Amino acid sequence: MSDMDDRDTTQRAIAGDRFALETLWRDHRRWLSAVLLSHMPNGADLEDLLQETAMNVCRKIRDLRDPERLRPWLRTIAINTAISAGRSATLRRKVRAMEDTELDPPDPSIGHDDEHETARDTLDRVLAAAQRLHPDYREPLILKSVRGLSQRAIAEALDLPETTIETRLARARRMLRQLLEEKGVPVPPAPRTAPGT
Amino acid sequence: MTHTHDENEDLLIHRAVSLNAAPTDWDSLEAMSERDPEVWHRVAQALRDEGELTHAVETRTDVADSTGPFRSRRRGIGFGAASGWFAAAAIAACWFTTLMQTGSAVLPGASRPGTVRESDEMPGVPGLVSNGGASHGMGAATPVSTLPDVLLGTQRAADGDGYEITVMKRSVEKVRVKDLFQLQRGQDELGNPATLPVRFPATNGTEKY
């Protein structure tokens, strides 16, 4: 979808066009789910967060003053949804901890999170490593992994210059590799000589 | 692996991996590899990480396709299991409410907005209760008006034929009762709510609250 189409659809959604809102969500939900992946609290369900984000977008679309700033606006809605879910999750954990204390001692046979992590496949470990990066690097890197999302679109969504995003992505790739090496993800052996030498 | 990283190499590798490298960037990488042949190895690693991360993110974000501002869905028990359904119902409700406020749509089965608006404050005394409630009044309740229905939830019918919507119907009825009481917090020694009879000044027989 071109920027012009996006603007037109946004304006119609603001005016109350239900189908325009559907279109808008369809066009942006993929990268918004990547934003949520970058900010969601542990144990949260991505689908639930997305559905809640959709609800918030629906409820607040009339507040969007400048259709040109749709991407940063959507990102803010998604992040706020994730933060709010984090607060609820913390509260639930506290209540559960209190209940557990009152009921039974923890079962030592139940594995710790780290043990589950070792059972994950490589792909999960790559994503888990990316999620451990500092938010400044994590979010652009995960967004860059959404097919079709350009560096310019990421810069627009994060409200930062494209050069800043490029620098962060470059550093993020290196930091991701370092984390993967620390975590013991198999790394192909280094060649003894450079190709062609 | 120990390697002194330089920002320029990071940038060149990123451009190569993102397929954004200009011919001059490739030249620079070639020149770097003259001094440090492992540069190509690091490019290969970055490509591999990029591929795996893209695949992982795509797999996880597939769920996005089943979400929408007017969609409800089934899901299992887990974190916030009910919130998805609640969200879907709330989405529909907020949208319909917005439409009703603008007068461009009315919920199916709802009374026409305007008889009694949702925002109208019903005149009354806070905490007012009758002796036994409206259902135990002295006579049959007289319908006064209806408020717009509230959509509580939507879901596909269990047999797959159509949808089920859960709607809260709201109506205003008038019923005659013998006595009126008002709930007053902290009236008894335990701090429990207690009821006090309500007395209106005698008028010409048209007492109102």
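The following dialogue reads selected features of a predicted two-chain model.

Biologist: How many helices and strands does each chain contain, and in what order do they run?

Modeller: Chain A has nine helices and zero strands, so its pattern along the sequence is simply α-α-α-α-α-α-α-α-α. Chain B has four helices and five strands, and from its N terminus the order is α-α-α-α-β-β-β-β-β.

Biologist: What share of each chain is buried?

Modeller: In chain A, buried residues account for 37% of 197 residues. In chain B, they account for 16% of 209 residues.

Biologist: Among contacts between residues at least 6 apart in sequence, what percentage join residues at least 24 apart?

Modeller: The value is 65% for chain A and 54% for chain B.

Biologist: How should the largest nonpolar core be read, and which residues have the most contacts inside it?

Modeller: As a general idea, nonpolar side chains tend to be buried together in soluble globular proteins. In this model the largest nonpolar core has 49 residues, and those with the most contacts inside it are A:A34, A:L36, A:M40, A:L49, A:A130, A:L141 and B:V57. The elements giving two or more residues to this core are α2 (18-39), α3 (46-60), α4 (70-102), α6 (122-131), α7 (135-144), α8 (151-158) and α9 (162-182) of chain A, together with α3 (39-61) of chain B. The most is given by α2(A), with nine residues.

Biologist: Which residues does B:V57 touch?

Modeller: Leaving aside residues up to four places away in sequence, B:V57 touches A:A34, A:L37, A:L127, A:I142, A:S145 and A:V146. One of these, A:A34, is itself among the core residues with the most contacts.

Biologist: How is the packing of two helices described, and at what angle do α7(A) and α9(A) pack?

Modeller: Two packed helices are described by the angle between their axes and the distance between the axes. For α7(A) and α9(A), the angle is about 95 degrees and the axes are 8 Å apart. Because angles of 65 to 115 degrees count as roughly perpendicular, α7(A) is roughly perpendicular to α9(A). On the α7(A) side the contact is made by A:D136, A:Y137, A:P140, A:L141 and A:K144. On the α9(A) side it is made by A:I165, A:R168, A:L169, A:R171, A:A172, A:M175 and A:L176. By class, the contact of α7(A) with α9(A) has eight nonpolar, no polar and four charged residues.

Biologist: How do the axes of α2(A) and α7(A) cross?

Modeller: Their axes come within 9 Å and cross at roughly 150 degrees. Since an angle over 145 degrees counts as roughly antiparallel, α2(A) is roughly antiparallel to α7(A). The crossing of α2(A) past α7(A) is right-handed. In this contact, A:W31, A:A34, A:V35, A:L37 and A:S38 of α2(A) meet A:P135, A:R138, A:E139, A:I142 and A:L143 of α7(A). The residues of the contact of α2(A) with α7(A) divide into seven nonpolar, one polar and two charged.

Biologist: Is A:S33 buried or exposed, and which residues does A:S33 touch?

Modeller: A:S33 is located in helix α2 of chain A. This residue counts as buried because it has 27 C-beta neighbours inside 10 Å, where 20 or more are required. Apart from residues up to four places away in sequence, A:S33 touches A:L46, A:L50, B:T61, B:V63 and B:A64. A:S33 and A:L46 are 13 residues apart along the chain, with 7.3 Å between their C-alpha atoms.

Biologist: Where is A:G148 found, and why does it count as buried or exposed?

Modeller: A:G148 is in the loop between α7 and α8 of chain A. It counts as exposed because it has 7 C-beta neighbours inside 10 Å. From C-alpha to C-alpha, A:G148 and A:W31 are 9.5 Å apart in space, with their positions 117 residues apart in sequence.

Biologist: How should a positive phi be read, as in A:D159 and B:L19?

Modeller: Most residues other than glycine have a negative phi. A:D159, in the loop between α8 and α9 of chain A, has a positive phi near 60 degrees. A:D159 counts as exposed, with 11 C-beta neighbours inside 10 Å. B:L19 also has a phi near 60 degrees, and is placed in the loop between α1 (7-17) and α2 (23-35) of chain B. With 6 C-beta neighbours inside 10 Å, B:L19 counts as exposed.

Terms used
Residues are numbered from 1 along each chain as its sequence is written. Chains are lettered from A and ligands numbered from 1 in the order in which they are written. This is a predicted model: local features need pLDDT of at least 70, side-chain atom pairs count only at pLDDT 80 or more; totals for chains, interfaces and linings use all residues. A nonpolar core is a set of buried Ala, Val, Leu, Ile, Met, Phe, Trp, Tyr and Cys residues joined through C-beta atoms within 7 Å. A residue is buried if 20 or more other C-beta atoms lie within 10 Å of its own, exposed if 12 or fewer, and partly exposed in between; C-beta atoms are placed from the backbone. Two residues are in contact if their C-beta atoms, placed from the backbone, lie within 7 Å. Axes are lines fitted to C-alpha atoms, for helices over the stretch in contact, and angles run from 0 to 180 degrees between N-to-C directions. Angles under 35 degrees count as roughly parallel, over 145 as roughly antiparallel, 65 to 115 as roughly perpendicular and the rest as oblique. Ala, Val, Leu, Ile, Met, Phe, Trp, Tyr, Cys and Pro count as nonpolar, Asp, Glu, Lys and Arg as charged, and the others, Gly among them, as polar. A crossing is left-handed if the near helix is turned anticlockwise from the far one by less than a right angle, and right-handed if clockwise.
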